[in-house]
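This briefing is meant for a reader who is meeting the structure for the first time. Please look over the sequence and the model shown here before turning to the points grouped below.

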Amino acid sequence: MGLNGTVMLVSALVCALGFLWRNPLPPDADIVEPVRSDPRQEKVRTRGDQLTYRDVDYDIERVYRYDISGVVVSYRYHDDSSRLHRLANDHLNLLDVCLVWGSNAGNPALNKLDFWNGVFTCNVQTKDRDAWQQFDMNALSNNHLISADPSVRSRLDGLKVGDQVRLRGYLANYGAAGQPKRKSSTTREDTGNGACETLLVEDVEVLAASFSNWRLAMYVSGLVLLASLIRHFASPHRPHRRR
C-alpha cells in the first residue's frame, strides 16, 4: 500500500469517527448555573414595529420579554436554504436552535437520545426506555431566532452543539409586510404545530463553549486526508514490472 496509502486510510477512519462523535453534550459537573434554571418571560404591552433586512420590511409584534439559558442539542440554518422560507420572503429567521435546560442539562442519559432539526421543528428519539423516562419534554424548546442586527447574527452563526448559551430578547410574532405572521409559542408545555418559540434576539452570550477532541481530530484528519489525496494524484504513476 505504501506510506501515503496508509496515511489516507488512517486519516479517513479518524475523520469518520470524529464526525460520528463530534458533538458530545457536557456532563453535569460542567453545567453552569443559569442553565439549571427555567426560561424567564415577562409580559409587555404588545407593540408593533418594523425591521428591514435584505431590502424586505418585516412587521414585528413583541409579546413577552424573554431570557433563556440552555445547552444546544441541535440546530438548523435557514437563510436561503428552505423553499418555505423563500416563499414567505423570510430571510430574518437565521436559524432554529433546540435547547435543553434544568434537569435535562447534564443528564448522562441525554447522550442516549438523538436530536435533529427539521424545517420548523426539533425532534428527539431514542430506543432506550430508561433514557426516555428521564427526559423532561417541558425542558426542551425549539427556538426560531430572528434578528436584523449584523453583530447578533454573526454571534448566532458560531453556535455549536454542546454550547451553553444565554439568549435574550422578545417572544414575537412576525412576517414580511403584508403577509401572515408566524406566531410564537408563549409556554413550554405545548406540543405540535405552533409550539416553537420565535425569539427576536437582542443579546447572545456563550456561557460555556463546547470543546470536543473528536471534533478537533475530525478537522485535522480531514486536512491530512486532503493533503494525502493531492499527493496521490500528483505523483507520477509507476506501473509494476512483471517478473
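In this predicted model, L145 touches L92, N93, L94, L95, D96, V97, L156, L167, L199 and V201, leaving aside residues up to four places away in sequence. L145 is also among the residues with the most contacts inside the largest nonpolar core, together with L99, L156 and L167. The points below start from that core and then turn to strand pairing, aromatic rings and two loops.

**Nonpolar cores**

- The largest nonpolar core is made up of 21 residues, and at least two of them come from each of strand 2, strand 3 (93-100), helix 4 (150-156), strand 7 and strand 8.
- Of these contributors, strand 2 gives the most to the core, with 5 residues.
- Separate from this is a second core, which has 18 residues and includes L25, V35, L110 and L113.

**Strand 7 and its partners**

- Strand 7, which spans residues 164-176, is mostly covered, since 11 of its 13 residues are buried.
- Strand 7 pairs with strand 2 (residues 56-77) in the antiparallel sense, over 13 bridges, and within strand 7 it is G175 that stands opposite D59.
- Strand 7 is also joined to strand 8 (residues 197-208) by 8 bridges, and these two strands likewise run antiparallel; here V165 has V206 in strand 8 as its bridge partner.

**Aromatic rings and charges**

- The structure holds 3 aromatic pairs, and one aromatic cluster is formed by F115, W132 and F135.
- The charged end of K43 sits over the ring of Y64, at 4.9 Å from the centre of that ring.
- In a similar arrangement, R62 lies over the face of Y170, where the distance to the ring centre is 5.4 Å.

**The loop between strand 7 and strand 8**

- S185 has its place in the loop between strand 7 and strand 8, and S185 counts as buried because its relative accessibility is 3%, which falls under the 20% limit.
- The side chain of S185 has a polar atom that lies 2.9 Å from the backbone oxygen of T187, and the side chains of S185 and D190 are joined by a polar contact of 2.7 Å.
- When residues up to four places away in sequence are not counted, S185 touches L171, D190, G194, A195, C196 and E197, so that D190 appears both in this list and in the polar contact.

**The loop between strand 1 and strand 2**

- R54 is found in the loop between strand 1 (40-53) and strand 2, and D55 is found in that loop as well.
- R54 has a phi near 50 degrees, which is a positive value in a residue other than glycine, while the phi of D55, another residue other than glycine, is also positive and near 65 degrees.
- Are these two residues exposed or partly exposed? R54 counts as partly exposed because its relative accessibility of 41% lies between the limits of 20% and 50%, whereas D55 is exposed because its relative accessible area of 80% is over 50%.

Note on methods
Residues are numbered from 1 along each chain as its sequence is written. This is a predicted model: local features need pLDDT of at least 70, side-chain atom pairs count only at pLDDT 80 or more; totals for chains, interfaces and linings use all residues. Side-chain values use heavy atoms; hydrogens and water are left out. Buried means under 20% relative accessible area, exposed over 50%, partly exposed in between (1.4 Å probe, protein chains only). Helices (H or I, at least four residues) and strands (E, at least two) are DSSP runs, numbered from the N terminus. Two strands pair if DSSP finds at least two bridges between them. Rings of Phe, Tyr and Trp (its six-membered ring) pair if their centres lie within 6.5 Å; planes under 30 degrees apart count as stacked, over 60 as edge-to-face and the rest as tilted. A charge sits over a ring if NZ of Lys or CZ of Arg is within 6 Å of the ring centre and within 35 degrees of the ring normal. A nonpolar core is a set of buried Ala, Val, Leu, Ile, Met, Phe, Trp, Tyr and Cys residues joined through side-chain atoms within 4.5 Å. Contact means heavy atoms within 4.5 Å. A polar contact is a pair of N or O atoms within 3.5 Å; within protein, one must be able to donate a hydrogen and the other to accept it, and residues adjacent in sequence count only if both atoms are side-chain atoms.
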